[in-house]
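The questions below work through one structure, a predicted model. Each answer closes on the item asked for.

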Amino acid sequence: METCIFCDIAAGTIAATFVYHDEDVIAFDDVAPQAPVHTLIVPRAHHEHLGDRVSDRLLGALFAAVPRVAEAKGIAHSGYRTIVNCGPDANQTVPHLHIHVLGGRPMAHGMVCFVDE
Ligand code: 5GP
Ligand code: ZN
C-alpha cells in the first residue's frame, strides 16, 4: 500500500491533536477546519471508504465515537453535523475512511453543493 496520511497519524509518525481514542478508532482535529469544531473520526485499520470491507462491528465503533467526540469538544448540546465522503463524486480527498464531525456554529439547511453551481 502507498503511504497513507491517516495510517501515519494512527501510527504516531505524523502529529495530530487527538480528541479521543479507543482500541478501534482515533479522533483528531482537522488540519484545515471548516467549522469552529472540525474533528475526524478514523478507524485504526485502513479501509478506503464505507464500501471497503468494513465490518458491522467497526461501523458501530466509528459511530459510537461520534457522541463521545461531541462531548469532548463541547458541542453535544448545541448540535453538530457528521459527513462521510466516499469516493470521487463526494470529493473524498484522503482515501482512508473517516467521519467528519462539524459544529460550533449554526449551519444553513442545505448540506450539498455541486461543482457546477
Ligand atoms: P475528505 O475530503 O477526504 O472527506 O477529508 C479529508 C480531510 O482530512 C480534510 O478535511 C483535510 O483537511 C484533512 N486532512 C488532510 N491531511 C491532514 C493531516 O495531515 N492532518 C489532519 N489533522 N487533517 C488532515
Ligand atoms: Zn490508511
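Q: How many of the residues of β5 are buried, and is the strand enclosed or open to its surroundings?
A: In this predicted model, strand β5 is largely enclosed by the rest of the structure, because its residues fall in the buried class. The cover extends to both faces: I99, V101 and G103 are buried on one side, and H100 and L102 on the other. The number of buried residues in β5 is five of the five.

Q: In what order do the strands of the sheet lie?
A: The sheet is open, has five strands and pairs them in the antiparallel sense. From one strand to the next, the twist averages 20°. The order is β1-β2-β3-β5-β4.

Q: Which strands stand at the edges of the sheet?
A: An edge strand here has a single partner strand, so one of its sides is left without a neighbour in the sheet. That holds for the strand of residues 18-21 and for the strand of residues 80-83. These are β1 and β4.

Q: How many bridges pair β3 with β5, and how many join β4 to β5?
A: Strand β3 covers residues 37-43 and β5 covers residues 99-103, and they pair in the antiparallel sense. Within β5, V101 is the bridge partner of T39. Strands β4 and β5 also run antiparallel, and R81 stands opposite L102 of β5. The counts are five bridges for β3 with β5 and four for β4 with β5.

Q: Is H100 buried or exposed?
A: H100 is found in strand β5. Its relative accessible area is 11%, and the cut-off for the buried class is under 20%. H100 is therefore buried.

Q: Which residue's side chain joins that of H100 in a polar contact of 2.8 Å?
A: Leaving out residues up to four places away in sequence, H100 touches D30, H38, T39, L40, R81, T82, I83 and N85. The polar contact of 2.8 Å is between side chains. The partner of H100 in this contact is H38.

Q: What percentage of the accessible area of ligand 1 does the protein cover?
A: Ligand 1 is surrounded by 17 residues, and the closest are D30, N85, T93, V94 and H100. An oxygen atom of ligand 1 is 2.8 Å from an N or O atom in the side chain of N85, and an oxygen atom of the ligand is also 2.8 Å from a side-chain N or O atom of H100. For T93, a backbone N or O atom lies 2.8 Å from an oxygen atom of ligand 1. On its own the ligand has 520 Å² of accessible area, and the protein covers 83%.

Q: At what angle does α2 run to β3?
A: Helix α2 is formed by residues 56-73. The helix lies across β1, β2, β3, β4 and β5. Its angle to β3 is about 155°.

Q: Does A64 count as buried, partly exposed or exposed?
A: A64 is found in helix α2. Its C-alpha atom is separated by 35 Å from that of E117, 53 residues apart along the chain. The relative accessibility of A64 is 29%, and the class between under 20% and over 50% is the one that applies. A64 therefore counts as partly exposed.

How values were computed: Residues numbered from 1 in each chain as written. Chains lettered and ligands numbered in written order. Predicted model: local features only at pLDDT ≥ 70, side-chain atom pairs only at ≥ 80, totals over all residues. Heavy atoms only, no water. Pairing = 2+ DSSP bridges. Helix = DSSP H or I, 4+ residues; strand = E, 2+ residues; numbered from the N terminus. Axes fitted to C-alpha atoms, helices over the stretch in contact; angles between N-to-C directions. Contact = heavy atoms within 4.5 Å. Near = heavy atom within 4 Å. Polar contact = N/O pair within 3.5 Å; in protein donor to acceptor, adjacent residues only side chain to side chain. Areas by Shrake-Rupley, 256 points an atom, 1.4 Å probe, with all protein chains shown as cover. Buried < 20%, exposed > 50% of the residue type's maximum accessible area, 1.4 Å probe, protein only.
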